[in-house]
Amino acid sequence: MLMAVIFTNMSIAQKEHDFDKTLSKYKTDVPTKILTPDEVNTRIGELNFYDGMPTNATLEKVYDNLDFMRGVEVFLNFVPATSIEAMRLGMVDMGVDDYNKVMVMDDLMDASQLFLTGNASTVYASAIIDLEKNGSTVVEIPAGAGPGTIDDAFFRFVVDMGAPGPDRKKGGMYIILPPDYKGDLKPTPNSFKDNSSVQVKVGGKMHDVWIAQSRSYTNWMILRGFLVDGKPDAASKMWRKGLKIYPLKDADNPKKMEFVNGSGKVFNTIHANNFEFYEELWSVFQKEPIGFIDPELRGLAGAIGIIKGEPFEPDARLKAILEDAVQVGNATARSIGLAPRDKSAYLYEGKHWYTGFVGKDYRWLDGDGHKGRNLDARTLFFYTATVNTPAMALEIPGVGSNYAFATHDKNGDILYGEKNYKLHMNADVPAKDFWSIVVYDPQTRSMLQTGQAYPNKNSQKDKMIYNKDGSVDLYFGPKAPKGKESNWIQTVPGKAWFVLFRTYGPLEPWFNKTWQLNDFELVK
């Protein structure tokens, strides 16, 4: 300790001596706080200056570091954009490449698909809406639809549909306007509370419609249909018979709808975590209007050569730096998403469950935005999940859905696939519709691939053994505990795992926390 103090004092003395020489060159008093020593020791090494002028070696070191920092920041800030691009590419690979084509998970999503924290409890209908190619686009939603959302190319919320949307699960017609729309149509309120519609002529007839405008050309629509008697048939039929998508200009004679069953199919919808990430982002920039993101963010990407209308061709020096930056960016996003340090992310005092919507705001503005955008909170969500909607962040009892992550056990240790755990679920889970818990792979953030096609439990479709007081114990491990097979979710030795708990139609005890989730307990 004494040596450390002496070293610190010597360093201070050296700096003061350097400043004495510098100050001797001035005729008036100059505060030392505005001066730069000839030598500075930093985390990127020693930096050298001649009377404040950086040496050539320092210039090289500083500019390499600046490019590195911007490469990391581009990764952290643009995960939402590359996530939508990966979703678009995944849909195209499955043949969903035109406005009339929709992927339906007829037999539910399973562990075959690489899809950020998808669920195996609702029947998804997924489509890409291209407003550049097709202009203003009409979406007809059938009655009975569960939560549905359209997000833009930066994963910003555009409009809700179905249960939390203005149609309030009664179905109806929506028109999505492109960012450069110049016509007479104006967006409607589109909130669950204010569901005012307007009359618009569509296909030669007047219809009550809701109108939303996107800030980008590419948009992703994801709809959920609830199971009936624990089966997906009714929801699948609802989408295939009632869902329609077509350009407003072609409303008189739209193409016939085509539906692709994605269940059991292998495809990827997750962005790259290597240098290809930047190439995916460059593709987004080429597709979207220049104003789909603000100049500050656009400038961040431009600093490493990702510019609309220009090729992305980093030289060997910059490419090597970016290959390093994306690894650090990925490690940072993975840390924020799977082990957040923000105490406000955690739902309960002394427990390890945390929310994906830190600050309870789908824009991550911490409520009133006084502190600005919570960048780590945005990274937490988009690195691990998809679908950005106010319905997942707001507290509307009985409407929409709410989620909770758990990546560690009661002792704060990660969840190991070779070990056995128990989760005690208290009675009266506050879910008007149903609750589910799904096991995910931390590598892919997709459903864990095990001997079970659906690594989840769902209160609506799974027959579980409940305790006399209405509570239920769930078991997680490589082998089922004897007599508890119906309450068991399989894990894989040598692989970590985490879970997402969902409550559909969350009730007041969920929001006021009079009902709480318990931590995972290691079973020895």
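The expected span of a helix is taken as 1.5 Å times one less than its number of residues. In this predicted model, helix 5, which runs over residues 276-287 and holds 12 residues, reaches 17 Å from its first C-alpha to its last, close to the 16 Å expected at 1.5 Å a residue. The buried residues of helix 5 are Phe277, Tyr278, Glu280, Leu281, Val284 and Phe285. Viewed down the axis of helix 5, these buried residues fall within an arc of 155°, so they line one face of the helix. Such a pattern can be read against the general geometry of the α-helix, which has 3.6 residues a turn, so that residues three or four places apart point the same way. The cover over the buried residues of helix 5 includes helix 2 (56-93), helix 6 (295-302) and helix 7 (316-338).

Open spaces were examined next. The largest pocket encloses about 540 Å³ of space and is lined by 25 residues, of which Phe154, Arg156, Arg215, Arg373 and Arg378 lie nearest its centre. Two or more residues of this lining are given by each of helix 2, strand 8 (157-162), helix 6 and helix 8 (375-384). Helix 2 and helix 6 thus appear both among the elements that contribute to the lining of the largest pocket and among those that cover the buried residues of helix 5. By class, the lining of the largest pocket divides into 13 nonpolar, four polar and eight charged residues.

The second largest pocket has a volume of about 360 Å³, and of the 23 residues that line this pocket, Leu347, Thr355, Phe357, Lys360 and Asn402 are the closest to its centre. Strand 15 (401-406) and helix 9 (508-512) each supply at least two residues of the lining of the second largest pocket, and the largest share, three residues, comes from strand 15. The lining of the second largest pocket comprises 15 nonpolar, five polar and three charged residues.

Enclosed spaces are also present, in that the structure holds three cavities of 30 Å³ or more. The largest cavity contains about 90 Å³ of space, and of the 16 residues that line the largest cavity, those closest to its centre are Thr117, Tyr124, Thr386, Val387 and Arg502. Strand 12 (218-225) and strand 23 (496-506) are the elements that give two or more residues to this lining, with strand 12 giving the most, three residues. The residues that line the largest cavity divide into 10 nonpolar, four polar and two charged.

About 50 Å³ of space lies in the second largest cavity, whose lining is formed by Met91, Met103, Met105, Met109, Phe115, Tyr124, Ala125, Ser126, Ile222 and Phe267. Tyr124 therefore belongs to the linings of both the largest and the second largest cavity, as the two lists of residues show. Strand 5 (123-130) gives the most to the lining of the second largest cavity, with three residues. This lining divides into nine nonpolar residues, one polar residue and no charged residue.Three individual residues were considered in their surroundings. Leu177 is found in strand 9 (residues 172-177) and is buried, with a relative accessible area of 0%. Although Leu177 and Ala212 are 35 residues apart along the chain, their C-alpha atoms are separated by 6.1 Å. Beyond residues up to four places away in sequence, Leu177 touches Leu131, Ser136, Leu185, Ile211, Ala212, Gln213 and Ser214.

Asp106 is placed in the loop between strand 4 (101-104) and strand 5. With a relative accessible area of 10%, Asp106 is buried, and residues up to four places away in sequence being set aside, Asp106 touches Pro232, Ser236, Arg240, Asn261 and Ser263. Thr22, by contrast, has its place in helix 1 (residues 2-23). The relative accessible area of Thr22 is 18%, and because buried means under 20%, Thr22 is counted as buried. With residues up to four places away in sequence again not counted, Thr22 touches Leu35 and Asp51.

Note on methods: Residues are numbered from 1 along each chain as its sequence is written. This is a predicted model: local features need pLDDT of at least 70, side-chain atom pairs count only at pLDDT 80 or more; totals for chains, interfaces and linings use all residues. Side-chain values use heavy atoms; hydrogens and water are left out. Helices (H or I, at least four residues) and strands (E, at least two) are DSSP runs, numbered from the N terminus. Buried means under 20% relative accessible area, exposed over 50%, partly exposed in between (1.4 Å probe, protein chains only). The arc is that of the directions from the helix axis to the C-beta atoms. Contact means heavy atoms within 4.5 Å. On a 1 Å grid over the protein atoms alone, a cavity is a set of points where a 1.4 Å probe fits but cannot get out, and a pocket is an open set with protein on both sides within 12 Å along at least five of seven lines; lining residues have an atom within 4 Å of a point. Grid points are joined across faces, edges and corners, and a volume is the space filled by probe spheres set on the points. Ala, Val, Leu, Ile, Met, Phe, Trp, Tyr, Cys and Pro count as nonpolar, Asp, Glu, Lys and Arg as charged, and the others, Gly among them, as polar.
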